[in-house]
Amino acid sequence: MPIKRELIENTKQSPEYQKGLDLLIHPDDYAEQVMLDFIGYYYVVTIRSGGNVEGLNTFLRSMFIKAKKDNSGFVSTDEEALVTLFTYLVGRNTKEFFVAFLHNRAERELRENEPSED
């Protein structure tokens with residue numbers, strides 16, 4: 001089933017998307033994995049805050065973003081849809097929320113890449 005291009009275009013017209021553009025400047029400069037990680041972060045925050053997970057799931061599926069089979073993250077099959085959704089979700093939040101995500105992600109990567117003391 002192809003992505004409904006009008007969904008992408010409508011999302012790009014939303015105030016959240018425009019705010020995301022203001023915060024990110026060039027959202028397509030972010031690596032695909034950073035975008036997918038942010039979607040996962042947003043998903044977890046939505047669950048923890050008692051947000052509308054069903055609506056988020058529907059939106060993700062509509063943009064052809066789905067959970068990996070092992071539930072370790074998300075995958076995307078359409079680059080434009082991914083960048084659009086990422087920008088939109090960043091715009092639904094504050095700059096501080098996005099910076100906190102980047103900080104948490106960097107700390108996690110540092111911990112994962114530390115040499116073990118075996």
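Leaving aside its neighbours within four places in sequence, Asp28 is in contact with Met35 and Val83, where contact means heavy atoms within 4.5 Å. Asp28 sits in the loop between helix H2 (15-24) and H3; helices (H or I, at least four residues) and strands (E, at least two) are DSSP runs, numbered from the N terminus. With a relative accessible area of 54%, Asp28 is exposed. Here buried means under 20% relative accessible area, exposed over 50%, and partly exposed in between (1.4 Å probe, protein chains only). You can also look from Asp28 to Ala100: they are 72 residues apart in sequence and 20 Å apart in space, C-alpha to C-alpha.

A word on what you are looking at: this is a predicted model, in which local features need pLDDT of at least 70 and side-chain atom pairs count only at pLDDT 80 or more, while totals for chains, interfaces and linings use all residues. Residues are numbered from 1 along each chain as its sequence is written, and side-chain values use heavy atoms, with hydrogens and water left out.

Let us stay in the loops for a moment. Most residues other than glycine have a negative phi. Ile25 has a positive value, with phi near 65°. Ile25 is found in the loop between H2 and H3, and its relative accessible area of 56% makes it exposed. Asn71 also has a positive phi, near 60°. Look for Asn71 in the loop between strand S1 (65-67) and strand S2 (74-76), where it counts as exposed at 65% relative accessibility.

Now for the inside. Which residues of the largest nonpolar core touch the most other members? They are Phe38, Ile39, Leu60 and Ile65, out of 26 residues in that core. A nonpolar core is a set of buried Ala, Val, Leu, Ile, Met, Phe, Trp, Tyr and Cys residues joined through side-chain atoms within 4.5 Å. H3, H4, H5 and H6 each supply at least two residues of this core, and the largest share, eight residues, comes from H5. Try following Ile65 outwards: beyond its neighbours within four places in sequence, Ile65 is in contact with Ile39, Leu60, Phe74, Val75, Ser76, Leu82 and Leu85.

Charged side chains come next. A salt bridge is a side-chain nitrogen of Lys or Arg within 4 Å of a carboxyl oxygen of Asp or Glu, and by this rule the count comes to seven. One of them joins the side chains of Arg105 and Asp37 (2.7 Å, N to O). This pair links distant parts of the chain, with Arg105 in helix H6 and Asp37 in helix H3, 68 residues apart. Arg105 counts as buried, at 13% relative accessibility. Asp37 also meets Arg108 in a salt bridge (3.7 Å, N to O). Because Asp37 lies in helix H3 and Arg108 in helix H6, the pair ties together parts that are 71 residues apart in sequence. Arg108 is partly exposed, with a relative accessible area of 33%.

From Arg108 you can step on to Glu112, as their side chains meet in a salt bridge (3.8 Å, N to O). Both lie in helix H6, four residues apart, about one turn of the helix. Glu112 is exposed, with a relative accessible area of 56%. Salt bridges that share partners join Asp37, Arg105, Arg108, Glu109 and Glu112 into one network.

Finally, the empty spaces. A pocket is found on a 1 Å grid over the protein atoms alone, as an open set of points where a 1.4 Å probe fits, with protein on both sides within 12 Å along at least five of seven lines; lining residues have an atom within 4 Å of a point. Grid points are joined across faces, edges and corners, and a volume is the space filled by probe spheres set on the points. About 360 Å³ of space lies in the largest pocket. Its lining has 17 residues, and Asp37, Gly40, Tyr41, Val44 and Gly73 are the closest to its centre. H3 gives the most to this lining, with seven residues.

The second largest pocket has a volume of about 150 Å³. Among the residues that line it are Tyr42, Asn52, Phe59 and Arg92. Which helix gives the most to this second lining? H4 does, with three residues.
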